[in-house]
Amino acid sequence: MSGLRRALGLVAIEGVVVGLVALAIVLSSDHIDARAFQAILGLFIGWSWIGAGLIAWWRRPDNRFGVLMTAVGFAFFLSSLAAADAAWLFTIGVLLSAVYFAVFVHMLVAYPDGRIGSDRLRNVVIAGYVIAVLGPLPSLLFATPERLDCDNCPQSVLFIEDNGTLYTIFDVLTSLIAVVLVGYVVFVTLARFRDAPQARRRAMAPVIWSGAGLLVVLAGALLTEAVDGPEAISDATDLLGLFLFALVPYGFVFGVLRSRVLQAGAVTEFLHRIGDGPDPSDLRDLLSTALGDRSLQVVYWLDRPRKWVDAAGHPAVLPGDDDPARAVTRVEREGRAVGALIHDRSLCEDPELVGSVAAAAGLSIENERLQAQLRARVEELRASRARIVAAGTAERRRLERNLHDGAQQRLVALSLTLRVAQSRLRKDPDGAEAMIAGAQEELTLALEELRELARGIHPAVLSDRGLEPALAALAGRSPVPVAVEETPTERLPPAVEAAAYFVVAEALTNVVKYAGASQARISISRTNGHAVVEVADDGVGGADPTRGSGLRGLADRVSALDGTLELRSPQGAGTVLRASIPV
Amino acid sequence: MGPTILIVDDHPSFRASARVVLESDGFSVVGEAADGASALEECCRLRPQVVLLDVQLPDIDGFDVCERITSHLEHPTVIMTSSRDPADFGPLVTSSGACGFVPKAELSGERVQELLSP
């Protein structure tokens, strides 16, 4: 910071020296009217710009706006060279006499964040510099001092010939191009002002209005000159333009002070009202008013599950660092994230304001976070209840389909076969016997299908004998070798046993289908009032928890018992599915 | 020779049993179809006098198949069948243009013949 202070101090000294040199040049000029007035006015304007620029530079070293503002002041002093009596200095002075205006346009286009928003605007700025240098060129190339109504002016060192036609054509052409450019910049500047959040507008207004006003006056002056209008109008616009130009840096300082005062008022008001313990629904409105950003959103951080939600408990997404329009200020309490403010990116220009408001809102956001957590939980429960109902319906449909296509069809065929066999019993006993043997096989298959179906609904061995034999049976039927390492010695509540059983059954199905494992192990232990079910395999890992509905259904089933389901499946290092259910 | 009949059902075991039952009761089973689309094709090709049509087919619903068959001027008599109870289908059997319904487990030549007699 001290490096910056030293650098800015040096720039300030340079500004003083350059200003005094410009003052001397104007005072000693042979071709300037009202020298003392012009010299003092010029010094006042140049130093105002450099001074205000240094303040802006000091406040926001990262923002190039301050640099540009300072540069306008220096470029303004540069134009004083046009008052020099030496021909070559005079020529350089006239050639660069409008550059300060191009820097001003550059600054306005980059206001308030110091960045030029688009390639088109960049081209506008470049065109501004080009036209600023080209504009005075016709007067240097094709006009004598007499033609320019300045008999005492030195002859330009670039003078080619006195040619009224060429001078007028080039002069009118460059003036018209300048008018179009200036008009476009006014339009862009006002549009940016219109789109800025209210708090920014307060700070921007003085610069924008004086800047845009100045540009309009300039456009008027250029047009008057281009059409060779009355001298009185030209003089009046020149004077008005100079006045507005001197006003811009003070507009900037005024804007900063005003926004400081208003912001301080807004923060005080905010602190006062937040002290009353506002209704949570008012919190956003209070923050929005204090920061002057109607688009402000408050989001809350939940630890379990780890995610951002809005006040209604719906999942929220934070804008990224590269988002051009939105930015995030995180709110912490005792080093812990409790929430975040999502606001217009331009508020990043006032980090102290946003920071102090965010800090003051910490406690309220913490309180509101608990509400949001509750709402998120309700939301999650509602969704999981809907999923459970849907899963139940789908399961019933599947059972009906399986019964219809399986056992029922076999029994129908069996009934028909027996009827035919019965009718043939007397005249074709051998045929009838073969038919009855076929019917026997059909019946065995039908019974097997019914058993499989019943086991899928609820395994009888689980209700009758508990988890140990039920898991052993599951392990025994699995094509991948499964070791049952631990099961509880006592019976658990039926709902917990059923959930544990189906977690294992689904996990083993996945092991067989996807894991490519050579073995798996199951354990169910009682830890801290929870039944902890773990199924691990040595397969390929990389399981996606969002794949298929099986895991989602299991998570709902476990969550309905207030339990949690976790999947750890690093690529190439096996998969562990772990459910923890309160007992 | 009894009436010619086409059996339409997606379960092969039922088609086989139905063929035995109907043939032993004097019907001439001229073909079998496993879904609605092939049922419509076989109907045009074989021109059976009777179609025994399962309600639940994998592609087109049995009642829709029935409507399409009976929409032709000269069409076979369609008898719907299912392992479900006929009451499950409400008025669909009569509105589809079918001549009647036989539960699968009760299928016999005699039952079919009864429905065919005016």
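1. What is the mean pLDDT of chain B, and what share of its residues reach 70 or more? The structure is a predicted model, and for chain B the mean pLDDT is 90, with 98% of the residues reaching 70 or more. For the model as a whole, the scores are ipTM 0.81 and pTM 0.51, and a reader new to the structure may wish to keep these values in mind through the points that follow.

2. On overall content, chain A has 583 residues, of which 36% are buried, and its secondary structure comprises 18 helices and nine strands. Among the contacts in chain A with a separation of 6 or more, 65% are between residues 24 or more positions apart. Chain B has 118 residues, and 38% of them count as buried; its five helices and five strands follow one another along the sequence in the pattern β-α-β-α-β-α-β-α-β-α. In chain B, residues 24 or more positions apart account for 58% of the contacts with a separation of 6 or more.

3. On the nonpolar cores, the largest has 68 residues, and those with the most contacts inside this core are A:Val72, A:Val103 and A:Met107. Helix H9 of chain A, which spans residues 198–226, gives the most to this core, contributing 11 residues. A second core, separate from the largest one, has 38 residues, and B:Val29, B:Cys43, B:Val50 and B:Phe63 are included in it. When residues up to four places away in sequence are not counted, A:Met107 touches A:Phe65, A:Leu68, A:Met69 and A:Val72. As background, nonpolar side chains in soluble globular proteins tend to be buried together.

4. Where do A:Val253 and its contacts lie in chain A? A:Val253 belongs to helix H10, residues 231–275 of chain A, and, leaving aside neighbours within four places in sequence, A:Val253 is in contact with A:Ala52 and A:Ile55. Although A:Val253 and A:Ala52 are 201 residues apart along the chain, their C-alpha atoms are separated by 6.6 Å. A:Val253 has 16 C-beta neighbours inside 10 Å, so this residue counts as partly exposed.

5. On the sheet of chain A, five strands form an open sheet with mixed pairing, in the order S5-S6-S7-S9-S8. Strand S5 (482–486) and strand S8 (564–568) of chain A stand at the edges, and because each has a single partner strand, one side of each is left without a neighbour in the sheet. From one strand to the next, the twist averages 15 degrees.

6. On the pairing within this sheet, strand S6 (residues 520–527) and strand S7 (residues 530–537) of chain A run antiparallel and are joined by eight bridges, with A:Arg521 having A:Ala536 of S7(A) as its bridge partner. The loop between S6 and S7 of chain A contains A:Asn528, which has a positive phi of about 45 degrees although it is not a glycine. With 8 other C-beta atoms within 10 Å, A:Asn528 is exposed. Five bridges join S8(A) to S9(A), and these strands also run antiparallel; A:Leu565 stands opposite A:Ala579 in S9(A). The hairpin formed by S8(A) and S9(A) has six residues between the strands, and A:Gly572 in the turn has a positive phi of about 80 degrees.

7. On the helices beside the sheet, helix H16 (residues 467–477) of chain A lies across S5 and S6 of chain A, running at about 160 degrees to S5(A). Helix H17 (residues 494–515) of chain A packs on the sheet and touches S5, S6, S7 and strand S9 (575–582) of chain A, while its direction makes about 10 degrees with that of S7(A).

8. Returning to chain B, a further backbone detail concerns B:Arg47, which lies in the loop between helix H2 (36–46) and strand S3 (50–54) of chain B. B:Arg47 is not a glycine, yet it has a positive phi of about 45 degrees. Is B:Arg47 exposed or partly exposed? With 13 other C-beta atoms within 10 Å, B:Arg47 is partly exposed.

9. On the interface, 12 residues of chain A are in contact with 13 residues of chain B. The side of chain A that touches chain B has, by class, four nonpolar, six polar and two charged residues.

Technical notes:
Residues numbered from 1 in each chain as written. Chains lettered and ligands numbered in written order. Core = buried A, V, L, I, M, F, W, Y, C linked by C-beta atoms within 7 Å. Buried ≥ 20, exposed ≤ 12 C-beta atoms within 10 Å, placed from the backbone. Helix = DSSP H or I, 4+ residues; strand = E, 2+ residues; numbered from the N terminus. Contact = placed C-beta atoms within 7 Å. Nonpolar A, V, L, I, M, F, W, Y, C, P; charged D, E, K, R; others polar. Pairing = 2+ DSSP bridges. Axes fitted to C-alpha atoms, helices over the stretch in contact; angles between N-to-C directions. pLDDT = per-residue confidence, 0-100.
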